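Student: Could you take me through one part of this model up close, the place where two of the chains meet through their helices? I'd like one connected walk through it.

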Amino acid sequence: MTLASSPDLSKESEPLQPKGWLRYFSFSVDHKVIGLQYLICGFIFYLIGGALASAIRIELTSPISDFMPRDVYNQVLTLHGTIMIFLWIVPVVNGAFGNYLIPFYVGARDMAFPRLNAVAFWLIPPAGLMLISSYFITGAAESGWTAYPPLSINTPAAGQIIWILSVLLLGGSSIFGGINFIATILKLRRPGLGLMQLPMYCWAMLGTSILVVLSTPVLAGTLILLSFDIVAHTGFFNPVMGGNVIVYQHLFWFYSHPAVYIMVLPAFGLVSEILPVHCRKPLFGYTTMVYSIMAIVVLGLVVWAHHMFTSGTPPWMRLFFTIATSFIAVPTGIKFFNWVATLWGGRISLNSAILFSCGFIINFVLGGITGVALAQVPFDIHVHDTYFVVAHFHYIVYGGSVFVIFSSIYHWYPKFTGRMLNENLGRLHFLLTFVGFNLCFAPQHWLGLNGMPRRVAEYDPQFTFVNQLSSAGALLMAISTLPFLWNVFQSAFNGPIAGDNPWKALTPEWLTSSPPPVENWEGPAPLVKEPYGYGETPETLEVALDKDLELGGDEK
Amino acid sequence: MTTVAPVEEASKENISQEEVHHDHRLFGLAAFLVADGMTFAGFFAAYLTFRAVNPLLPGAIYELELPLPTLNTVLLLISSATFHRAGQALKRNETDLCRRWLLITATLGSAFLASQMVEYFTLPFGLTDNVYASTFYALTGFHGLHVTLGTLMILIVWWQTRKPNGRISSENVFPLEATELYWHFVDGIWVILFIILYLL
Amino acid sequence: MPLSSAIRSVLLGIVLVVAGLWIGQNIKLLPVDASTNAPVYDELFRVLFSIGAILFLGITGLVVFSLIKFRRKPGDTSDGIALEGNLSLEILWTAIPAIVVLFVGIYSYDIYDRMGGMLPLDHGGHNHQNMASEERIWGGISSGSIEKSGMVVNAPLPVEVTAMQFAFIFHYPKGDITSGELHVPTGQPISMRLESRDVIHAFWVPEFRLKQDVIPGQPTILSFTATKPGRYPIICAELCGPYHGGMRSAVIVDSPKAYEEWFKNNAKTPVSEL
């Protein structure tokens, strides 16, 4: 492991770094370059994962398996899940925005371990390429992204082993990133900057990184045992050899449930950055937001077995995990009410960033509601492993995380490139994505309730129309990336010059040029003690309080 | 661009990061060891669950011999102490003494590995005999891998302290400190492993 | 002015609750309820749907309203109010979700109990099975409150279910019938012993609101009582290989008389000997 302290290193290696666009293909140790590397690399994988999703939706426009062979279908759904989780959302909400923003937020010139940071990124492209090429060389894994044994032991071994290897690499990358974030946030804060003065995204990343460090290694260990089962014919998870398949599920979900928070907590943090800027109001309830994040981290570690309510878990375990899971709704709810309160009484610019953020709030509330329902054992028994769960999950990770990623791109693109995006194209992108997304996934709730299991290539003909509706939504989502891509490409060259701080924001990344210099600030790092100090101190405060009470009344 | 760390800046409130310049590498390593420990925790959890819910087939219950693993525990515990001595010696700039302690530590580590091998070859069960056996080998093997890596790291540290002002010296103790932290971690894991695997 | 705004918000709240309740009670999203557990499940569903609808409409309404009401007017460069928090509000929206969640948890526990989920497992007619001590049986959900449905409680009918890639096979120890489809009478509890030959499958009958993974190496007892005659799909819900989507069967629920007929026609052992 190459661990090195930041200031020396950036000074040493700076002259060695290529200039211009070439540095994005280099082993750069600049956190901003690495952040954009994560973002662009992640987006390429998003397009691939999206193409796979389209293939699934095409297959499902008819109730019979006619678009691709059945085993290929299973490979496609496995790749879709793995790519979207491990190569798009996790690296982008953590790696991309984390690397770009965290050093700014703590007032540092780079991450704590810049070389480790570059290593963490450069593990991703080979892992992703390996995963995708397995489809062409040996046939990809076909046991779903959950890789439940004994199916994953019985299916063709080559694809499964490659899948395990690439997930191990990606897990390693994630752990290195997590260590780096924890060290940067806790140890690299500029003097005078207290923990409770950090922008909310730092807290989200601290919580996420704790989850990464605690849970990802368990997945790694589990996958190593699984690979022994496949290669060395041990019997950890192979019932024929006296193994226990449920143990795998426990270990797998010990990581993979926190993985949902690893995808969503940073998104929460990003929204908390974006809303105050465009509403021109302080973030509502900073302290409770921080405590909610930490509560989610703690609870997130003890809820995994709610994925296993139909696996024959004993009643006491079902009861415990139901209650623990339900209570995650409380800190999550606090965050949502706080965001709504941040909107309330603001001067909201209806730009693409705010639209995607509000789209996120609406989608995620629906995903959260179905989530609380799914936490109830009796409810879950009927809908477990159905399209209801597919819908719920996509409302969380697409309607939640991906909407936030887009919102963040609209928000920070001027900082990344020094140019503004086209707002009209952005609003068009939002409209297509929002309508397409809801058209695609809302009907799937009904499908699941009425008897369509997930991961099937063929289904009861009575579901044909609703599936076609869903596929039409998917088509809209696919189309929605076109205005976005066009916008991003042409604005990079022709967009209006953004200036240092086009949003008049207060967080430290805006207090430097766009794009920022190599060591972030020309002079000393600014000390921002009130990252959300927006707003005109009001005589109108009394009125505002009344309005907010009104808001509370609606919830009852 | 040049680094901003002028002296006049220090008097102001605007103290920039550069002049404080702490070394956070040990902190990073500690975080990594927490992650590594979670891997072991996963294995331990799997082992305990297998023991609790997957009864062995009749006739497949193996008694684990205690003398050799007990010896191993003692070896590792002593090696932690000797490594500590090496670290103290280096900080006092007594390089020769430090190197002697390092060599003793590496010998103890190798003795542990050799003794572990002896145990492997005398055990009445193989890797794929049953879940119990597989988990035993997975756990001890994964730990053995850590010991092997640690021993190699000690030897590298030993090699690099050969010159009085070489890469590792009282001026730069980090590599030794990092290896020491790692070694204590590996020893700690062994104690837990010994209790769970052999004594329970 | 503050008074009128308070009244307005209370009114809005009432409208919201009424709308949510109406949605939850009147929008039907579930298929036919054909087992004793299904109506109990639907009751829980309606409650969760109502609460969910209230919350969703409330928050979505607030977001959309805020976006319209507080949007920046052209030429306005002022900031919003510098309101950083409000303790009583925070307590309010910590307490309310906590109470709602607690209620939902207790209520769903009650529902689960009524479904028979917390009952000690009876081996419902499987006593003759070879249950060696090393064989572990997991209880699925039981048949629930049959008394309340006003039906005669019969002794449970044992059925052995074997799942394999890619089919279910049903074996009736009484009468030694082996069938590709499950035939059951209404009103009688069925006690199934599920076993898998290869990978994990799942036994799901949407109309019974019943699902249980069929796990290799871990036989599972699952009970239910059908109430409405008809033909319902049995679906494998756990990815089990290329033909997972095609792994379907059917449960045929007959009146006790019709079932008796079917049983007589198919039993290998003469019925009199049973």
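Tutor: Sure. A word on terms before we start: helices (H or I, at least four residues) and strands (E, at least two) are DSSP runs, numbered from the N terminus. Keep in mind, too, that this is a predicted model.

On that count, chain C has 4 helices and 11 strands. Chain C runs to 274 residues, and 42% of them count as buried. If you take the contacts in chain C between residues at least 6 apart in sequence, 76% join residues at least 24 apart.

Now for the meeting of chains A and C. Here 92 residues of chain A are in contact with 85 residues of chain C. On the chain A side, the biggest giver is helix H11 (residues 315-343), with 15 residues. Sort that side of chain A by class and you get 49 nonpolar, 27 polar and 16 charged residues.

So what does H11(A) pack on? One partner is helix H3 (residues 87-115) of chain C: the two pack at an angle of about 150°, and their axes are 9 Å apart. Angles over 145 degrees count as roughly antiparallel, and therefore H11(A) and H3(C) are roughly antiparallel to each other. Their crossing is right-handed.

Go down to the residues and H11(A) brings A:Leu319, A:Thr322, A:Ile323, A:Ser326, A:Phe327, A:Ala329, A:Val330, A:Gly333, A:Ile334, A:Phe337 and A:Ala341 to the contact. From H3(C) come C:Leu89, C:Trp93, C:Thr94, C:Pro97, C:Ala98, C:Val101, C:Val104, C:Gly105, C:Ser108 and C:Tyr109. By class, this contact has 15 nonpolar and 6 polar residues, with no charged ones. The side of chain A that touches chain C, taken as a whole, does include 16 charged residues.

For something to hold beside it, look inside chain B. Helix H3 (residues 25-53) and helix H6 (residues 131-160) of chain B pack at an angle of about 160°, with axes 10 Å apart. That makes H3(B) roughly antiparallel to H6(B) as well. The crossing of H3(B) and H6(B), though, is left-handed, whereas that of H11(A) and H3(C) is right-handed.

In chain B, H3(B) puts in B:Phe43, B:Ala46, B:Tyr47 and B:Phe50, which meet B:Val131, B:Tyr132, B:Thr135, B:Ala138, B:Leu139 and B:Phe142 of H6(B). The class split there is 9 nonpolar, 1 polar and no charged.

Notes: Residues are numbered from 1 along each chain as its sequence is written. Chains are lettered from A and ligands numbered from 1 in the order in which they are written. This is a predicted model: local features need pLDDT of at least 70, side-chain atom pairs count only at pLDDT 80 or more; totals for chains, interfaces and linings use all residues. Two residues are in contact if their C-beta atoms, placed from the backbone, lie within 7 Å. Ala, Val, Leu, Ile, Met, Phe, Trp, Tyr, Cys and Pro count as nonpolar, Asp, Glu, Lys and Arg as charged, and the others, Gly among them, as polar. Axes are lines fitted to C-alpha atoms, for helices over the stretch in contact, and angles run from 0 to 180 degrees between N-to-C directions. Angles under 35 degrees count as roughly parallel, over 145 as roughly antiparallel, 65 to 115 as roughly perpendicular and the rest as oblique. A crossing is left-handed if the near helix is turned anticlockwise from the far one by less than a right angle, and right-handed if clockwise. A residue is buried if 20 or more other C-beta atoms lie within 10 Å of its own, exposed if 12 or fewer, and partly exposed in between; C-beta atoms are placed from the backbone.
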